[in-house]
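Student: Mind if we go through this one together? I'd like to work from the surface inwards to the side-chain pairs.

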Amino acid sequence: MGWKKVWKTRANNLSGGQKVVSLFCFCALLALAPRQLKCQDISATRFFKIDYQTLGSPSQLVPRQGGFVPSRAYEPNHLIKAELKFPVKLKGRTRVFGELKYNNEYVFGIYSPIEDDGVSPIKLHESSLSFIVSHKFGNGYSLLGKFGMENSSDHFWKAGGNSLSWSNSILLQKENANGKYGLGASCGLAVLGRLSILPLILYQRKLPRNWELDLLLPAKMLAIKNVSNSSRFIMGVKGSSGNYYLSGLAMDGLSGLNYRRLSANAILGYEKLVTPLVGVGIEAGATIPVQSGVYRQDKRWQEVHNFGQKVDPYFNFKIFFAVPR
């Protein structure tokens, strides 16, 4: 039975909303996948993934009545991440992809005597739309750029300058038989005028006995052991960060402030393609906090409250959909 006949048969049995979702997935597969699923490849491009990960536990809580309250129980913050890539232009030397992302983060940092366990979470949301542009010059050289807009706050969607920002990254890389290396920069600009620039260094190299190095400094430093075409072990360090505007939904005293987080995750992980299209992964290790607190935005960030996180266990479970080769 052909693709078109299958699609028509299934579409007649779906509701209106289900038809829209199914049509989008069907078009994405036609655009991204080849005509035959030849083999599994764990390093293939991933067009959809969803993660659940822990972020450590605050040791100093913000009480609703003011002051500080030490945390007596381990209540880890956690983050749910979803990411979807879709094709915009695939032909020629210049290719363009779109990327939709959504993060839902829970920070267990407020003490409330009304709650059964005394701790209530700050619920945070980040939505973003980006476009990834890749241009090949020849001789292994290529230019990779990512340009996007983010909305990060304690609302699912808040229309306002305090929660909006632009993030742009550009990387010039050289590819050869043994890997890639490159230099670039990441630039972030808030609507209210705050500018941040971070240099990027890319180094990827194939090593003997199916080992690989994957470095994108300062975001990650990984060593990868390819067990087979469909599975691999991962070890190393990955960075994680977040910046959310607080409008006071969780607590009036937080209105107009920002929650900022920066940490490094030392990990040991395993990924496997269950089918040529669907894969799963698990990571465990430790979260090493660098920054976690509530800040006031002025000429410089001023710390209002430090959650005082310590080194905590780290866990991440993920499901992803890859482009079959």
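Student: Which element gives the largest share of the nonpolar patch?

Tutor: Bear in mind that this is a predicted model. The patch on the surface is made of Ile50, Tyr52, Ile80, Val274, Val280, Ile282, Phe315, Phe317 and Ile319, with about 680 Å² of accessible area together. The elements giving two or more residues to the patch are strand 1 (46-56), strand 15 (278-297) and strand 17 (312-322). The largest share, 3 residues, comes from strand 17.

Student: Okay, take Tyr52 from that patch: is Tyr52 buried, partly exposed or exposed?

Tutor: Tyr52 sits in strand 1. Buried would need under 20% relative accessible area, and exposed over 50%. Tyr52 has 35% relative accessibility, so the verdict is partly exposed.

Student: And what is the C-alpha separation of Tyr52 and His78?

Tutor: Leaving aside neighbours within four places in sequence, Tyr52 is in contact with His78, Leu79, Ile80, Phe315, Asn316 and Phe317. Tyr52 and His78 are 26 residues apart along the chain, and their C-alpha atoms are separated by 7.3 Å.

Student: On to the rings. Why does the pair of Phe233 and Tyr270 count as tilted?

Tutor: The structure holds 5 aromatic pairs. Planes under 30 degrees apart count as stacked and those over 60 as edge-to-face, with the rest called tilted. The rings of Phe233 and Tyr270 have centres 5.0 Å apart and planes at 50°, so the pair is tilted.

Student: How many residues apart in sequence are the parts tied together by Tyr102 and Phe156?

Tutor: Tyr102 and Phe156 form a tilted aromatic pair, 5.6 Å centre to centre with 55° between the planes. Tyr102 is in strand 5 (residues 94-111), while Phe156 is in the loop between strand 7 (141-153) and strand 8 (164-176). The pair therefore ties together parts that are 54 residues apart in sequence.

Student: Which ring has the charged end of Arg46 over it?

Tutor: There are a couple of charge-over-ring arrangements to look at. One of them has Arg260 over the face of Tyr295, at 5.8 Å from the ring centre. As for Arg46, its charged end sits 3.7 Å from the centre of the ring of Phe320.

Student: Now salt bridges: is Glu99 buried or exposed?

Tutor: A search of the whole structure finds 11 salt bridges. In one of them, Lys85 joins Glu99, with the closest N and O atoms 3.2 Å apart. That pair links distant parts of the chain, Lys85 being in strand 4 (residues 77-89) and Glu99 in strand 5, 14 residues apart. With a relative accessible area of 2%, Glu99 is buried.

Student: What about Glu283 and Lys238: how many residues apart in sequence are the parts they tie together?

Tutor: Their side chains meet in a salt bridge at 3.1 Å, N to O. Glu283 lies in strand 15 and Lys238 in strand 13, so the parts tied together are 45 residues apart in sequence.

Student: Last one: which residues are joined into one network by salt bridges that share partners?

Tutor: Start with Glu271 and Lys318, whose closest N and O atoms are 2.7 Å apart in a salt bridge. Glu271 lies in strand 14 and Lys318 in strand 17, so the pair ties together parts that are 47 residues apart in sequence. Salt bridges with shared partners make one network of Arg46, Arg232, Lys238, Glu271, Glu283 and Lys318.

Technical notes. Residues are numbered from 1 along each chain as its sequence is written. This is a predicted model: local features need pLDDT of at least 70, side-chain atom pairs count only at pLDDT 80 or more; totals for chains, interfaces and linings use all residues. Side-chain values use heavy atoms; hydrogens and water are left out. Patches are made of residues with over 30% relative accessible area and no salt bridge: like charges are joined within 9 Å, nonpolar side chains (Val, Leu, Ile, Met, Phe, Trp, Tyr) within 5 Å. Accessible areas come from the Shrake-Rupley method with a 1.4 Å probe; for residues, only the protein chains shown count as cover. A salt bridge is a side-chain nitrogen of Lys or Arg within 4 Å of a carboxyl oxygen of Asp or Glu. Helices (H or I, at least four residues) and strands (E, at least two) are DSSP runs, numbered from the N terminus. Rings of Phe, Tyr and Trp (its six-membered ring) pair if their centres lie within 6.5 Å; planes under 30 degrees apart count as stacked, over 60 as edge-to-face and the rest as tilted. A charge sits over a ring if NZ of Lys or CZ of Arg is within 6 Å of the ring centre and within 35 degrees of the ring normal. Buried means under 20% relative accessible area, exposed over 50%, partly exposed in between (1.4 Å probe, protein chains only). Contact means heavy atoms within 4.5 Å.
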